[in-house]
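Please work through the exercises below with the sequence and the coordinates open beside you. Each task is followed by a solution that goes step by step.

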Amino acid sequence: MQELASKQLREHNSLAVVANCQRLFALEQINDLPALTQLKLEQPLMLGAGTNILLRADYPGDVILNRLQGRQIIDATDKHAFVRIQAGADWHKTVLWALDKELSGIENLALIPGTAGAAPVQNIGAYGVNLSDSLELVEVWDRQRKQALMLKAANCKLGYRDSLFKQQIDRYWILNLTLKLSRKPKLRLNYSGIKQQLLANGIENPRPEDVVTAVCQLRKRKLPDPAKHPNAGSFFKNPMVTDTQLKRLLNQYPDLPHWPETENQTKLAAAWLIERCGFKGKRVGAAGIATNHALVLVNYGQATGSELWQLAATVQAAVLQRFEVKLEPEPRILP
Ligand code: EPU
């Protein structure tokens, strides 16, 4: 394990906010974990690629970059393979690795920025597929019990952008994931955008690589590239409303996009609510809302974390006032 000379977090958060921490460490091999846990760490924060955080100010503690690398097939049956992915491995490269090994199930999650270890925290999902559809096990370091634990996915409280790791955010450090992937193509094409993209590409009988290509095309068209326009993906979760709230909203806004989720719970499109409040493409200094997707907060230059947060809070207040719907941030707001 290495203590880095720099304490600067700009390169370690995809919103490119300038902020410092107290000390910055890199965890490069699992054997370094005992030494790390022996250190007197101040409010330790384990970070992957920092693609789902907003630093409103300097972080008043120590940050550990999870750089545990490696992917391997650990077991296989006729139909499935179990693969273990170390937490610091890049997620999109993991999708490409699975494709190369002819293992199917995570194609729709291509191009999601960030590391594999961050994926279960918010149960990443896109185009009709969630990580929970293929997650089997998560190995964690339990900071309370001071031991490594292997948790079954069924015990990880995985929900819509939610998990045990998010609910008890300071308790667990994710070390690796085990995914159950299919040895036969298992394509999920129900999301209409994917079907349309495949058709536009002239593909009638898609293979897994065609789905990866289509998903990458969709994301590149719909979402700003964090490398060019620093962002943290969707900044708010899509809100759930009760039947009573839905009825009231539909009376006033008959074209409101909505998807039944569970009994008496319907999901709304946060992007639509935000766009209707006039924020799409709006900028306040260097903080802005993406021009191509109203759910994405963008740092167009030197916006501070506090300026970005202020814009997000303005959006939240406007949506609450107009629709009486509370938007909840998706990224972790720090400190
Ligand atoms: N819409 C607008 N204005 C916009 C964009 C979208 O009104 O600027 C409306 C449209 O009606 C559209 C609906 O919002 O039908 C939903 O939009 P989209 O399909 O882009 O999906 P989303 O609900 O905004 C979610 C995830 C994304 C994921 C996509 C695709 C959340 C918070 N976000 O976005 O995940 O890529 O679905 O499955 O659930 C992320 O979590 O960071 C993320 C990018």
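The exercises that follow concern a predicted model, and they treat a sheet, a helix and some backbone angles.

**Exercise 1.** Determine in which order the strands of the open sheet are arranged, and which strands form its edges.

*Solution.* Begin with the pairing, which is antiparallel and links 5 strands in the order S6-S7-S12-S10-S11. Next, look for strands that pair on one side only, and you arrive at the edge strands S6 (71-76) and S11 (147-152). Finally, follow the twist from one strand to the next, which averages 20°.

**Exercise 2.** Describe how S7 is joined to S12, and state which strands helix H2 lies across.

*Solution.* Strand S7, residues 80-86, runs antiparallel to strand S12, residues 172-182, and 7 bridges join them. To check the register at one point, take Arg84, whose bridge partner in S12 is Thr178. Turning to the helix, H2 (residues 91-100) lies across S6, S7 and S12, and it runs at about 45° to S6.

**Exercise 3.** Locate Glu102 and Lys146 in the chain, and decide whether each is buried or exposed.

*Solution.* Glu102, which is not a glycine, has a positive phi of about 60°, and its place is in the loop between H2 and strand S8 (125-126). The cut-off for exposed is over 50% relative accessible area, so Glu102, at 64%, counts as exposed. Lys146 likewise has a positive phi, near 55°, and is found in the loop between strand S10 (135-142) and S11; with a relative accessible area of 62%, Lys146 is exposed.

Conventions. Residues numbered from 1 in each chain as written. Predicted model: local features only at pLDDT ≥ 70, side-chain atom pairs only at ≥ 80, totals over all residues. Heavy atoms only, no water. Pairing = 2+ DSSP bridges. Helix = DSSP H or I, 4+ residues; strand = E, 2+ residues; numbered from the N terminus. Axes fitted to C-alpha atoms, helices over the stretch in contact; angles between N-to-C directions. Contact = heavy atoms within 4.5 Å. Buried < 20%, exposed > 50% of the residue type's maximum accessible area, 1.4 Å probe, protein only.
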